[in-house]
Structure formats: C-alpha cells, structure tokens
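Thank you all for coming; I would like to take a few minutes to walk through one model and the ligand it holds. Please have a look at it on the screen before I go on.

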Amino acid sequence: HVDVPEDHPRYESLLTRHRIEAGVDRGITSRQGLIAQGRGEAFDYLLGERTTESADEAERVAAAHLLLADHAVLSVNGNVAALAPEETVTLAEATGADIEVNLFNRTAERMQAIVDHLREHGATEVKGLAADARIPGLSHERGKVDADGIHDADVVLVPLEDGDRAEALAAMGKTELVVDLNPGSRSARTATVPIVDNIVRALPNMTAHARELADIDEATLREVVEDFDAERALDDAEREIRSGSFE
Ligand code: PTJ
C-alpha cells in the first residue's frame with residue numbers, strides 16, 4: 001500500500017506507476033516492463049492523460065469487433081496483468097472473449113504467476129499454459145501460443161505489444177486491436193484498430209461500449225467496424241500530441 005495524496009496533479013499516473021512496481025515485486029511484470037511503462041507515461045503526458053475523442057471512437061470500434069468475432073482473445077502480458085487484471089476479466093465477460101497470457105519474455109514462473117493473479121481477479125479460464133501452437137515467423141519462445149486460443153482466434157486484442165509480434169499476428173490474417181500510447185509504434189501502425197490510450201482507461205471504456213452495443217443488430221455493428229479509418233486515428237493522435245497544452 002502506498003499513500004498518494006488524491007489532490008496530487010499526477011495522482012492517477014502515480015497510482016499506475018506503483019501498480020507496475022508491485023507487479024515486478026510479485027513476479028508478474030518483467031523489469032523491461034518498467035521501461036515500457038516509462039515510455040507509455042511520456043506519451044500519456046503528451047496526450048493530456050485522457051481518452052481523446054478519437055481514441056474513444058477506436059474503443060467503440062474495437063468493442064464492435066470483439067462482439068462480431070467468431071473467436072476473440074484478449075492477450076495479457078506482465079504489464080497488463082499488473083495494471084488492469086479486473087478490467088481485463090470484465091471486458092472478457094462483456095464480449096465473450098477468451099483470455100490468454102502471452103509473454104514477450106516468457107518464463108514458466110511468470111506465466112503461472114499471471115494466470116494465478118487473473119484467477120484471483122475473477123477469471124475462470126485463462127489460456128496460455130498449453131503453448132501447443134506457434135505464431136509463424138517468430139523465435140520459439142516468443143511465438144508460443146495456445147492452439148485453441150490466440151492461434152485459433154479471428155480477433156485478438158494485443159495491448160502494449162512488441163512490434164515483431166504484432167506484425168507476425170497480422171500476417172496470420174487476424175483482426176488486430178492494439179492498445180498503445182505511442183501512435184508511431186510498429187504495433188499501432190500494424191493494427192486493424194489502433195487504440196492510442198492508456199490501457200487503464202481503454203479497457204473499462206471498451207467494456208462500456210460493448211455493453212451499449214450488445215443489443216444492436218449485426219448489420220449495424222458491421223457498419224461501425226467498416227466506417228473506421230485506422231490511418232486517420234493515428235493522425236488524430238499525432239495532432240493531439242503536437243497541439244497539447246501541458247500542465
Ligand atoms: O510481460 P512481457 O514479457 O510480455 O513484456 C511486456 C513488455 C511491455 C515489456 C514488452 O511487450 C515490451 O518490451 O514492449 P515495448 O516494445 O516496450 O512496447 C510497449 C508499448 O506500450 C510502448 O509503445 C509504450 O508506449 C506502450 N505503453 C506502455 N505503457 C502503456 C502503453 N500503452 C498503453 N497503456 C500503457 N499503460
């Protein structure tokens with residue numbers, strides 16, 4: 001437990017930082033995850049630490065993709081597990097998606113710690129431990145996935161993903177929903193739907209959209225998805241960064 005004064009201007013940002021630290025202490029987050037968090041924070045600062053209108057739209061489109069999917073999977077790494085375990089479980093429940101732990105720096109210990117952590121936060125089934133299939137084009141450890149999980153999925157949500165893996169998943173023909181605060185990252189540029197927002201805001205907002213869209217007919221959902229322009233979403237994010245007023 002840490003005491004961050006609630007009136008501190010960086011309250012949310014400091015809480016998030018402590019969650020990542022705690023994740024490292026508990027063997028959930030990799031030490032590289034600390035560096036990734038720092039990079040994310042810098043972009044979040046430039047974006048004003050808020051969900052832009054354009055990101056909100058991308059989150060709505062991503063929710064529609066999850067609802068339309070034959071088999072959607074939410075991929076969880078060590079940063080996501082530390083930052084938003086409950087929010088991941090809630091989104092999976094709202095959309096009928098599977099959850100799979102998939103690590104860039106895979107170790108058996110960290111896989112198990114994250115699976116346990118997600119179960120403590122209400123997940124019933126967590127995939128990733130079987131590792132009985134491969135993503136083509138990646139080295140052995142980095143390409144491991146479950147045959148009945150990410151390998152089989154038509155839609156995957158990959159938050160804070162490394163560029164190589166994002167490209168390899170896209171090359172498999174999957175609809176890729178990427179949450180990444182850096183609009184210039186290869187992952188964001190590869191995505192079917194780039195979501196330039198903090199994962200701690202993106203997941204609950206996607207759940208809210210999924211609940212709103214749940215009763216809408218399939219044709220309308222398809223329109224939501226087809227109207228989306230990924231290039232424009234990335235341009236919007238860049239413009240927000242350039243025009244930001246920083247506090
Ligand atoms: O747990 P593992 O082993 O799977 O490793 C996970 C990390 C994140 C360490 C690994 O995938 C990695 O090294 O990723 P990168 O290449 O550092 O990319 C992470 C991207 O996520 C960067 O573009 C960051 O800007 C972005 N990012 C970091 N924190 C957040 C974020 N995006 C959204 N929300 C965040 N909180």
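Let me begin with Arg-110, where a polar side-chain atom lies 2.6 Å from an oxygen atom of the ligand; please keep in mind, here and throughout, that this is a predicted model. Asp-180 also offers a polar side-chain atom, and that atom is 2.8 Å from an oxygen atom of the ligand, whereas at Asn-105 a polar backbone atom is 2.9 Å from an oxygen atom of the ligand. How much of the ligand does the protein bury? Taken alone, the ligand exposes 740 Å², and the protein buries 95% of that.

Turning to the surroundings, 22 residues surround the ligand, and the closest of them are Gly-78, Phe-104, Asn-105, Arg-110 and Asp-180. By character, the residues of this shell divide into 7 nonpolar, 11 polar and 4 charged.

As for where this happens, the ligand sits in the largest pocket. The elements that give two or more residues to the shell around the ligand are α2, spanning 31-46, and α4, spanning 78-83, and the largest share, 6 residues, comes from α2.

Finally, let me step back to the chain as a whole, which contains 11 helices and 7 strands. Its C-alpha atoms fill a box of roughly 50 × 45 × 35 Å, taken along the principal axes. For 247 residues, a compact globule would have a radius of gyration near 18 Å, and the protein chain has 17 Å, so the value agrees with that expectation.

How values were computed. Residues are numbered from 1 along each chain as its sequence is written. This is a predicted model: local features need pLDDT of at least 70, side-chain atom pairs count only at pLDDT 80 or more; totals for chains, interfaces and linings use all residues. Side-chain values use heavy atoms; hydrogens and water are left out. A residue is near a molecule or strand if one of its heavy atoms lies within 4 Å of it. A polar contact is a pair of N or O atoms within 3.5 Å; within protein, one must be able to donate a hydrogen and the other to accept it, and residues adjacent in sequence count only if both atoms are side-chain atoms. Accessible areas come from the Shrake-Rupley method with a 1.4 Å probe; for residues, only the protein chains shown count as cover. On a 1 Å grid over the protein atoms alone, a cavity is a set of points where a 1.4 Å probe fits but cannot get out, and a pocket is an open set with protein on both sides within 12 Å along at least five of seven lines; lining residues have an atom within 4 Å of a point. A molecule sits in a cavity or pocket if more than half of its atoms lie within 2 Å of its grid points. Helices (H or I, at least four residues) and strands (E, at least two) are DSSP runs, numbered from the N terminus. Ala, Val, Leu, Ile, Met, Phe, Trp, Tyr, Cys and Pro count as nonpolar, Asp, Glu, Lys and Arg as charged, and the others, Gly among them, as polar. The radius of gyration is taken over C-alpha atoms; the globule rule is 2.2 Å times the number of residues to the power 0.38.
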